[in-house]
Amino acid sequence: MTEEIFIGPEALPQLEHLLQSRAFQKIVVLVDENTHRHCYPLLKPILPPHHLVHIKSGEENKTLATCEHVWRELTEQGLDRWSLLVNVGGGVLTDLGGFCASLYKRGIRFVNVPTTLLSQVDASVGGKTGIDFMGFKNHLGVFQEPLAVLVNPNFLQTLDMRQMKSGYAEIIKHWLILDAAKFQEQRYIGLFTEDWTDLIRHSIEIKSRVVTADPLESGLRKILNFGHTIGHAVESFYLEKPGQQLLHGEAIAVGMVCEAWLSVQRGLLMAEELEQIETFIFSIYEKVKLPAGDLEAISQLCLHDKKNDGATINCTLLQRIGEAVYDQPITLSEVQSALRYYQTL
């Protein structure tokens, strides 16, 4: 597990304490154009001398080419294995930054400062790093825990509503797999919540509990993939279509509806529970238009899911709201049926 996770307004001062308590040979801060403008100014006063590395924002830049740019900068700055990389950004940046740190000189320390709701409740915990490759989401990556994660909810004020909704999908997922009571409480509140710090902390606690029990995703941790088998396929498909790309949470919302429907077809989830899930999700997310001619191509992408066993597509389904079951084999035909069902809603 991550050595330390700090949540709340006191998170950033903890970074200053962390840097004072350890001797790092050099410090590099990784930012994109958005976090450089909106978030870096809050960090700069508490940082010792450091070098800034810029990358472009967006999933389309989560590539080996961007990694090469980062590694070249680290090399030109003369970073050794006793240096530190501070990743300031959303899930794309923290995933890529962690990946770059993990491979540079066989691994240097890194700290994540997640600045989006998605990265705070999802990428902040679990030590997954990675990049997209050949159009496949997170196709290359390693498990490597950051030295610390600093979650400051104040950064959420820099986000538009679309980004907030994207992160909220992972919060919903956590309720659906492990906390039925929280789902029932929050489905009448939705994005009108007054306390994001509490929701973020609760979501991180859920994920931390799962990751601690199964750090390398050999069993229980697979429940965190609910909505992601079909959701990642949808996201990957539209990643290659300029102007039509979906945010991660938007695609996962599609995946959760589809996989909840499959759960009903398997006799696991009750139809009334599916209706509750659909009503809640569609009260927040616009329906994604999936052209009939694209369904086969989307379903084929499920064959590249990292949870698969050979040609078997392994999916996480719901036994009931608040309880998930993993390693459920599904077929391409079932994936297409689920996507067709989503079209009808």
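A residue is called buried here when its relative accessible area is under 20%. The model shown in every view is predicted.

**Figure 1. Overview of the predicted chain, with its 14 helices and 10 strands.** The C-alpha trace spans about 60 × 40 × 35 Å along the principal axes of the chain. For 345 residues, a compact globule would be expected to have a radius of gyration near 20 Å, and the chain agrees with this expectation because its own value is 20 Å. Of the 345 residues in the chain, 58% are buried.

**Figure 2. Close-up of the stacked pair and the edge-to-face pair of aromatic rings.** In this chain the count of aromatic pairs comes to eight. The rings of Tyr 168 and Phe 280 meet edge-to-face, with 6.3 Å from centre to centre and an angle of 75° between their planes. Because Tyr 168 belongs to helix H7 whereas Phe 280 belongs to helix H12 (residues 271-282), this pair ties together parts of the chain that lie 112 residues apart in sequence. Tyr 168 and Phe 280 are both buried. The rings of Trp 261 and Tyr 341, by contrast, are stacked, their centres being 5.1 Å apart and their planes 15° apart. With Trp 261 placed in helix H11 (residues 248-265) and Tyr 341 in helix H14 (residues 332-344), this second contact links distant parts of the chain, 80 residues apart. Trp 261 and Tyr 341 are likewise buried. The edge-to-face partners also take part in an aromatic cluster, in which Tyr 168 and Phe 280 are joined by Trp 175, Phe 183 and Trp 196.

**Figure 3. Close-up of Asp 160, in the loop that leads from strand E8 (148-151) to helix H7 (161-178).** The side chain of Asp 160 reaches towards the backbone nitrogen of Gln 163, at a distance of 2.9 Å. With a relative accessible area of 47%, Asp 160 is partly exposed, and therefore lies above the cut-off of 20% under which a residue would be called buried. From C-alpha to C-alpha, Asp 160 lies 15 Å from Gly 58, although the two residues are separated by 102 residues in sequence.

**Figure 4. Close-up of helix H10 (residues 228-239), which is mostly covered.** The number of buried residues in H10 is 12 of 12. The buried residues of H10 include the aromatic residues Phe 237 and Tyr 238, the two histidines His 228 and His 232, and Glu 235. Thr 229, Ala 233 and Ser 236, which are also among the buried residues of H10, appear again in the lining of the largest cavity.

**Figure 5. Close-up of the largest cavity, with a volume of about 130 Å³.** Two cavities of 30 Å³ or more are found in the model. The residues that line the largest cavity include Phe 136, Lys 137 and His 139, together with Thr 229, His 232, Ala 233 and Ser 236, and also Leu 301, Cys 302, His 304, Asp 305 and Lys 306. Strand E7 (136-140) and H10 are the elements that contribute two or more residues to this lining, and H10 gives the largest share, with four residues. By class, the lining of the largest cavity holds four nonpolar, five polar and three charged residues.

**Figure 6. Close-up of the second largest cavity, with a volume of about 50 Å³.** Among the residues that line this cavity are Thr 94, Asp 95 and Gly 98, as well as Phe 110, Asn 112, Lys 128 and Gln 144. At least two residues of the lining come from each of helix H5 (91-103) and strand E5 (109-114), with H5 giving the most, namely three residues. The lining of the second largest cavity divides into three nonpolar, seven polar and two charged residues.

**Figure 7. Close-up of the second largest pocket, with a volume of about 390 Å³.** The lining of this pocket is formed by 20 residues, of which Leu 246, Glu 250, Glu 286, Lys 287 and Val 288 are the closest to its centre. Helices H7, H11 and H12 each supply at least two residues of the lining, and H11 gives the most, with four residues. Sorted by class, the lining of the second largest pocket has 12 nonpolar, two polar and six charged residues.

Key:
Residues numbered from 1 in each chain as written. Predicted model: local features only at pLDDT ≥ 70, side-chain atom pairs only at ≥ 80, totals over all residues. Heavy atoms only, no water. Buried < 20%, exposed > 50% of the residue type's maximum accessible area, 1.4 Å probe, protein only. Polar contact = N/O pair within 3.5 Å; in protein donor to acceptor, adjacent residues only side chain to side chain. Phe/Tyr/Trp six-rings, centres within 6.5 Å; stacked < 30°, edge-to-face > 60°. 1 Å grid on protein atoms, 1.4 Å probe; cavity = no way out; pocket = protein on both sides within 12 Å on 5 of 7 lines; lining within 4 Å. Points joined across faces, edges and corners; volume = space filled by probe spheres on them. Nonpolar A, V, L, I, M, F, W, Y, C, P; charged D, E, K, R; others polar. Rg over C-alpha atoms; globule rule 2.2 N^0.38 Å.
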